[in-house]
Amino acid sequence: MPDNNTKKTLGILAIAGVDPYQEKSGEEYMCQAQRDHFTEILKAWRVQLHQEVDRTVDHMKDEAANFPDPVDRAAQEEEFSLELRARDRERRLIKKIAKTMKKIEDDDFGFCESCGVEIGIRRLEARPTADLCIDCKTLAEIKEKQIVG
């Protein structure tokens, strides 16, 4: 039985219909084949997110009704509110995907923005928009917890 991290990785890879990248012996990190692999994943992910947005718009048009009962109306408004919040998160993710694809084009993808080390193929397959290595991300989360309390 795969662990949760494998399930997450397979989820993103499944969206793109690709297998985990198999590094070849002596292959340079973020060579063209690896960049192509991540471009394919990011494009498929972006398409899937756009489809979700379209589905939400269609759902809201189809389900929009002026219920005379205030409880029914409130329930529908709450449902729509939750959907719109989810779409807003996805909209921000689409922007992050575009930023990541630009980094691939600029040959600046796969390296930590904080310390410059390789982020790693498996981490990027789990979260293709990652811009920090696991150590810097962990430190950032610790600092955030200290600030937030």
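In the predicted model, Arg 92 is partly exposed, its relative accessible area being 45%. Its salt-bridge partner is Asp 88, and the closest N and O atoms of the two side chains are 2.6 Å apart. Asp 88 is likewise partly exposed, at a relative accessible area of 28%. Both residues belong to helix H3, which covers residues 70-105, and their spacing of four residues corresponds to about one turn of that helix.

A second pair within one helix is formed by Arg 55 and Glu 52, for which the closest N and O atoms lie 2.3 Å apart. These two residues are three positions apart in helix H2 (residues 32-63), so about one helical turn separates them. Arg 55 has a relative accessibility of 46% and therefore counts as partly exposed. The contacts of this pair extend further, since Glu 52, Arg 55, Arg 87 and Glu 90 are joined in a network of salt bridges. In total, the structure contains 10 salt bridges.

A salt bridge between separate elements is found for Lys 99 and Asp 131, with 4.0 Å between the closest N and O atoms. Lys 99 is located in helix H3, whereas Asp 131 sits in the loop between helix H4 (121-126) and helix H5 (134-148); the pair therefore ties together parts that are 32 residues apart in sequence. The two partners fall into separate accessibility classes. Lys 99 is partly exposed, with a relative accessible area of 45%. Asp 131, at 17% relative accessibility, counts as buried, because the limit for that class is under 20%.

With regard to charge overall, the protein carries 25 positive and 31 negative side chains. The centres of these two sets are 3 Å apart.

The secondary structure consists of five helices and zero strands, which gives the order α-α-α-α-α from the N terminus on. The radius of gyration is 19 Å, well over the value of 15 Å that the globule rule gives for 149 residues, so the protein is more spread out than a compact globule. The C-alpha trace spans about 70 × 40 × 40 Å along the principal axes. Among contacts in the protein with a separation of 6 or more, 55% are between residues 24 or more positions apart.

Of the 149 residues, 33% count as buried. The exposed surface of the protein amounts to about 10000 Å². Carbon and sulfur atoms supply 52% of this area.

Positive backbone phi values are noted for two loop residues that are not glycine, Met 30 and Asp 107. For Met 30, phi is near 60°. This residue is placed in the loop between helix H1 (4-16) and H2, and at 4% relative accessibility Met 30 counts as buried, the class being defined by a value under 20%. Asp 107 has a phi of about 60° and lies in the loop between H3 and H4.

Key
Residues numbered from 1 in each chain as written. Predicted model: local features only at pLDDT ≥ 70, side-chain atom pairs only at ≥ 80, totals over all residues. Heavy atoms only, no water. Buried < 20%, exposed > 50% of the residue type's maximum accessible area, 1.4 Å probe, protein only. Rg over C-alpha atoms; globule rule 2.2 N^0.38 Å. Contact = heavy atoms within 4.5 Å. Areas by Shrake-Rupley, 256 points an atom, 1.4 Å probe, with all protein chains shown as cover. Lys, Arg positive; Asp, Glu negative; His and termini not counted. Charge placed at Lys NZ, Arg CZ, Asp CG, Glu CD.
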